[in-house]
Amino acid sequence: MKRNPRKVKWTKAYRRLHGKDMTQDSTFEFERKRNRPERYDRNLAENTLKAIKKIDKIRLDRASDHIKNKLKTGKVQRQKEARKQLELGIHLVKAPLALAQDSSLCLPKIKVTVSQAQTEENQPMEE
């Protein structure tokens with residue numbers, strides 16, 4: 001269909017471009033294919049298996065940190081939205097009489113002075 005993979009949301013290219021994926025992590029270099037045959041060495045195999053466990057743990061920690069950092073950006077926005085919802089719907093949480101008695105639960109009423117210039121539009125109509 002001749003689509004650009006950087007614009008299709010499910011592709012790796014899109015995720016890499018928009019910072020959704022951990023592409024800069026150095027632990028991915030360990031998974032590269034190496035087609036050179038190695039001579040069997042028991043110590044090397046043992047150390048490799050230990051290293052694989054450590055690398056997996058490091059990768060999981062980095063992935064969780066990546067997710068936490070992604071979620072942290074929207075935290076302030078979610079708190080503002082929740083505070084706004086609470087202010088708008090405080091009458092659902094607290095009884096109206098309790099709100100009338102305790103003024104700290106209500107939003108302060110702000111008086112705004114509006115100056116109206118007398119123009120042709122604001123004057124009463126003549127009959």
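The following paragraphs go through a predicted model, from its N-terminal segment to the salt bridges of a helix and then to a pocket.

The N-terminal part carries a record-based label. An unreviewed UniProt entry annotates residues 1-24 with "domain: Large ribosomal subunit protein eL24-related N-terminal". In the model, that stretch is 25% helix and 0% strand. The C-alpha atoms at the two ends of residues 1-24 are 30 Å apart.

Within this stretch, Lys2 has a backbone feature that can be checked directly in the coordinates. Its phi is positive, at about 60 degrees, although Lys2 is not a glycine. Lys2 belongs to the segment that precedes α1, the helix of residues 12-17. The side chain setting can be classified too: with a relative accessibility of 87%, Lys2 is exposed, because the class begins over 50%.

The next topic is charge pairing. The salt-bridge rule used here gives a count of two. One of them joins Glu46 and Lys50, whose closest N and O atoms lie 3.8 Å apart. That pair counts because the rule asks for a nitrogen of Lys or Arg within 4 Å of a carboxyl oxygen of Asp or Glu. Both residues are in helix α2, which spans residues 42-73. Glu46 and Lys50 are four residues apart, or about one turn of the helix. Glu46 is partly exposed at a relative accessible area of 40%, and Lys50 is partly exposed at 48%.

Another salt bridge links Asp61 with Lys57, and here the closest N and O atoms are 3.3 Å apart. This pair also sits in helix α2. Asp61 and Lys57 are separated by about one helical turn because they are four residues apart in that helix. How accessible are the two partners, Asp61 and Lys57? Asp61 has a relative accessibility of 37% and therefore counts as partly exposed. Lys57, at 53%, counts as exposed, so the two partners fall on either side of the 50% limit.

The last topic is the pocket analysis. The largest pocket has a volume of about 340 Å³. It is lined by 15 residues, and those closest to its centre are Phe30, Arg34, Thr48, Ala51 and Ile52. What classes of residue make up the lining of the largest pocket? Seven of the lining residues are nonpolar, seven are charged and one is polar.

Technical notes: Residues are numbered from 1 along each chain as its sequence is written. This is a predicted model: local features need pLDDT of at least 70, side-chain atom pairs count only at pLDDT 80 or more; totals for chains, interfaces and linings use all residues. Side-chain values use heavy atoms; hydrogens and water are left out. UniProt positions are given in the numbering used here, feature names are shortened, and annotations may be inferred rather than shown by experiment. Buried means under 20% relative accessible area, exposed over 50%, partly exposed in between (1.4 Å probe, protein chains only). A salt bridge is a side-chain nitrogen of Lys or Arg within 4 Å of a carboxyl oxygen of Asp or Glu. On a 1 Å grid over the protein atoms alone, a cavity is a set of points where a 1.4 Å probe fits but cannot get out, and a pocket is an open set with protein on both sides within 12 Å along at least five of seven lines; lining residues have an atom within 4 Å of a point. Grid points are joined across faces, edges and corners, and a volume is the space filled by probe spheres set on the points. Ala, Val, Leu, Ile, Met, Phe, Trp, Tyr, Cys and Pro count as nonpolar, Asp, Glu, Lys and Arg as charged, and the others, Gly among them, as polar.
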